[in-house]
Amino acid sequence: EDEMDQIFSTYGKVEEVVILDSSRSNRPDERCGFVIYKTPEAARIAVQVLNKVYRFREESVDPIHVSFARTKEGKGEGKGDDKGDRK
């Protein structure tokens with residue numbers, strides 16, 4: 001969480017970082033997390049800059065996937081609220 005906060009805070013004020021438990025995944029080598037920004041603009045910049053470009057480890061084969069969280073219905077992008085957007 002600290003590493004994600006450090007990387008993502010480069011693009012704006014991060015309010016919260018949540019990393020999901022990988023033991024419940026059928027791909028334990030892959031992790032999923034959410035970053036909650038104070039402003040929607042910071043979230044948009046992070047998506048533009050980091051998506052499919054940034055690697056947490058130099059030896060990582062694939063870059064990370066950064067996008068807006070989907071709604072529970074799975075339709076479209078999460079639009080955030082007065083607390084900021086989720087990535």
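**Surface charge, an aromatic pair and an unusual backbone angle**

A patch of negative charge lies on the surface of this predicted model. Glu1, Asp2, Asp5, Glu15 and Glu16 gather there. Two elements, helix 1 (2-8) and strand 1 (14-19), each supply at least two residues of the negative patch. One of the patch members, Glu15, is found in strand 1. The relative accessibility of Glu15 is 41%. Partly exposed residues fall between the limits of 20% and 50%, so Glu15 counts as partly exposed. Patch residues must have over 30% relative accessible area, and Glu15 has 41%.

Aromatic contacts were examined next. The structure holds one aromatic pair. Tyr54 and Phe56 form this pair. A pair of aromatic rings is described by the distance of the centres and the angle of the planes. For Tyr54 and Phe56, the centres are 5.3 Å apart and the planes meet at 90 degrees. Planes over 60 degrees apart count as edge-to-face, so the pair of Tyr54 and Phe56 is edge-to-face. Tyr54 has a relative accessible area of 23%, so Tyr54 is partly exposed. Phe56 has a relative accessible area of 25%, and Phe56 is therefore partly exposed.

The backbone also has a feature to note at Lys52. This residue lies in the segment after helix 2 (40-50). Lys52 has a positive phi of about 60 degrees, although Lys52 is not a glycine. The relative accessibility of Lys52 is 58%. Exposed means over 50%, so Lys52 counts as exposed.

How values were computed: Residues numbered from 1 in each chain as written. Predicted model: local features only at pLDDT ≥ 70, side-chain atom pairs only at ≥ 80, totals over all residues. Heavy atoms only, no water. Patch = residues over 30% accessible without salt bridge, like charges linked within 9 Å, V, L, I, M, F, W, Y side chains within 5 Å. Areas by Shrake-Rupley, 256 points an atom, 1.4 Å probe, with all protein chains shown as cover. Salt bridge = Lys/Arg side-chain N within 4 Å of Asp/Glu carboxyl O. Lys, Arg positive; Asp, Glu negative; His and termini not counted. Charge placed at Lys NZ, Arg CZ, Asp CG, Glu CD. Helix = DSSP H or I, 4+ residues; strand = E, 2+ residues; numbered from the N terminus. Buried < 20%, exposed > 50% of the residue type's maximum accessible area, 1.4 Å probe, protein only. Phe/Tyr/Trp six-rings, centres within 6.5 Å; stacked < 30°, edge-to-face > 60°.
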